[in-house]
Amino acid sequence: MPDVMVAASSSKAPSGGTTQQVDVAVVGAGFAGLYLLHRLRKAGFTAVVLEEADDVGGTWYWNRYPGARCDIQTIDYSYTFDPELESAWQWSEKYATQPEILRYLGFVADRYDLRRDIRFGTKITAATWDEAAQRWRLTTSGGATVSSRYYIMATGCLSAPKPPEIDGVKDFAGEVYFTGRWPHREVQLAGKRVAVIGTGSSGIQSIPLIAEQAAHLTVFQRTPNFALPAHNGPAPADRLGLLEADRAGYREQARWSLAGVPWPQQTAVSWQLSDAERRERFEQAWAAGDLVYILTQLWADQAVDLDGNAIVADLIREKIRATVEDPETADALSPHDHPFGAKRPCLDTNYYATFNRPNVTLVNLRQEPIKAITASGIKTDKRTFDVDVIVFATGFDAMTGAIMAVHPITGRGGKSLSEVWANGPQTYLGLTVAGFPNLFMITGPGSPSVLSNMAVSIEQHVDWVVDRLVAAKASGFTTMEATETAQAGWAQHMADCATLTLHRLANTWYTGANVPGKAQGVMPYTGGVGPYRSICNEVVSRGMLGFRLTGPDGAEQCNDGEVVRLQPDVRLVLNMLAEMQLPPLESFGAQGARNFLAEFNAARPAGRPVGEVVDGTLPGADAPLPYRLYRPATPGPHPIVVYFHGGGWVLGDEQSDEPFCRDLCRRSGMIFVSVGYRHAPDHRFPTAVEDAYAATRWIAAHAAELGGTPGAVMVAGWSAGANLAAVTCQLARDRGGPPISGQLLVCPVTDCTFDRPSYVDNATGYFLTRSLMYWFWDLYCSPADRTDPRVSPLRGKLEGLPPALVATCEFDPLRDEGVAYAEALAAAGVPVEQLKARGHFHSSLTMVDVVITGVSGRVQMAEALRRFAGLPGQDHQRAPHEIAAE
Ligand code: N01
């Protein structure tokens, strides 16, 4: 079959200046456009696909440079919507070449008879929403017009090549090629002096093959990129075996995975593995030749934490040094300016070894930038390189380029998309834009798209959009449009997701940094394919949340709102808990609940190393109490924080908040002494509070023996433990000491009133429920005791208390009483800092290494403790989510 199949049976524009009327107009006949057309037709819509190229293929039509291949294993990079299609097509290699992928797309187009509705060689010149007709009006390069109810951009993320931005390109007398617009004829490079500018995936794939042909190849590199050997060949037997053993299961797993390829989520973090274990994992990944594998399967913190990431980057640089013979060249090829994976890494075949060839030269543009292109070649600020051919592998105006720059799109009220996106793309789900009714994008900015296996994301987007069109038609609605609230909520969720990953720490096409003047920001959705799919499904199950639908005769439905208000990792934790369908904790009884908690805690990450952990016993109010002391690794003496664990005065012990204590010990550089106070119902009020007070006295009196700084201590606690910390401060003031220099109250219980809005709004669904709180209160103290300031400190005298940091979480029944306590402290003249954790639930801030978005909160807590102790602040130049190294 020829590489380029001429579209003999393609759709023709209607003659005589008539406007073609269709239900749906689609732009682009690549992976997305073809599947869209197939699904639309099956759903009974009339559709036309408008395609600039002369054939199907999209990105695979244009990118025909030497060495062009996919970099997701081909068995994963395929359509999965039709099992018969899957068995009708066999891929010949692990990573198919561009011609083979193009043949596949042609095969699909023919198999489903798609070409008759594709208008090739047709460029759209403008798209305008016609308010009166409630339709899109498209004008095309040939002058023909199309009127459609819906307009769907299936334009791909990497289809608008970026101009070279180098002076003098027009002066060059030799041949010029762009990898993204490679000629359809054979390009003769044999015996020629060739320059390649750019070392992204396109450069890295083409350089080894160009080097084999050219008399001499000069590679102009601005930023070195991480490249990994593809180890191409037949599809690996293990992956093929998995697919063939359970095709449907394999595909389903991919749909719910993070990157659209069925690999499990790693749980071990780098610091839990020995050097030897890490190296073994890395070597295995290096040998696997699989981008998704090495990006996700080494250790859980490789993509979210700089320290975990640096280990991988170091190991890759070691490989580069081992391959490239000239140390200076090896050094120039080694990336140092971005975390591994923050910029798209490449799969290569002999890339680094190519620089050992005598006919290849690397020019490091960081040391000698290009000044201009001249008639004879390329001039840097140090040298001139005479060449016959220049290949620009300089990339794309990614994600927004093909949607925005290619033609004006005008929505409601005459607003153009370029205006609306002037400060960066705004979308709802990456699929729609407020103000642009009935406009959809497949893999648009705000969707997982380029951070995923595109084939999986495309099928999900297409299915979701077409299913919505079918549902709208069935219910008589003719327009569908995202609301501003939903869109703003999605932007917030996108930003929350982006703080979890390292993508924002690199200047890449993901962030728009490669195009001068383009607005900056992480454009793809970084929350993962599976979570994204569940959110899209949730939008539907919640009555098209965030969409306004209208129909004839004034019919309207608008269920406004934000689909995700939780932090992304909190959402995952709560979903996981919901899936476990646990009975209410209170139904276990006190001992049963304690056992459950102990089991739950045993399964969590243990917490990072601290200098020393010491167990001991101290005298409580009238009985010995166990304690656990966490000492920093730095030389002492250290200030001491007396810590009270959470658990509703009923559950937990001196070890149950271990990861939280370790984390704060490391961050603050202070000793944490976690006290095992006695619990209800065996020991009801006021035992716990008297134990807490007695323990604080004893610890303050024995500070030097414990390795602490003599003098004042600080108190801290979470939940009921924060209640004890707050009450201890009041007792210490009233009973003549010990001196307390500060109080850290995390989600404190401060009052016995249960009718504040947070008790109502967050009564269920956020793990700590209102009924669980009732149960705790009932076990701890009788109704008559509840107004006692020793259990409701909000009702006590607040003047003269030590400075406080009060942390509250948005989705916590205790939120409002925490805020009330902070406000009352401030009113009483106590210096107070509030930390209001948006999108978090009661346990978020203590779930170290699970809820990573809690890190910035803990950084703030550690800083507050240091201020209480009169210590200088620490250097927090690093991004807030990054966990400092030992
Ligand atoms: O483009 P890129 P690409 N002067 O933007 C350099 C996908 N893809 O076409 O990093 C000098 O990655 C630029 O330097 P810098 C894949 O997702 C997939 O290679 O900006 N240099 C960079 O080195 C990929 O990520 C496959 O400092 C200039 C290079 O040009 C995406 O497409 C194959 C410059 C551009 O790299 C884009 O890849 C190919 C200038 N003025 C592509 N301007 C598969 O394997 C830019 N550069 C499936």
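Author: Two strands are said to pair if DSSP finds at least two bridges between them; strands (E, at least two residues) and helices (H or I, at least four) are DSSP runs, numbered from the N terminus. This is a predicted model, in which local features need pLDDT of at least 70, side-chain atom pairs count only at pLDDT 80 or more, and totals for chains, interfaces and linings use all residues. Residues are numbered from 1 along each chain as its sequence is written, and side-chain values use heavy atoms, with hydrogens and water left out.

Reader: In which sense do strands β22 and β23 pair, and over how many bridges?

Author: Strand β22 (residues 612-619) pairs with strand β23 (residues 624-631) in the antiparallel sense, over eight bridges. A hairpin of four residues joins β22 to β23, and Gly 616 stands opposite Tyr 627 in β23.

Reader: Which residues of helix α8 are buried?

Author: An α-helix has 3.6 residues a turn, so residues three or four places apart point the same way. In α8, the buried residues (under 20% relative accessible area, 1.4 Å probe, protein chains only) are Arg 278, Phe 282, Ala 285 and Trp 286. Seen down the axis of α8, these buried residues fall within an arc of 100 degrees (taken from the directions from the helix axis to the C-beta atoms), so they line one face of the helix.

Reader: Which residues of α8 are exposed on the other side?

Author: Exposed means over 50% relative accessible area, with partly exposed in between. On that other side of α8, Ala 276, Glu 280 and Ala 287 are exposed.
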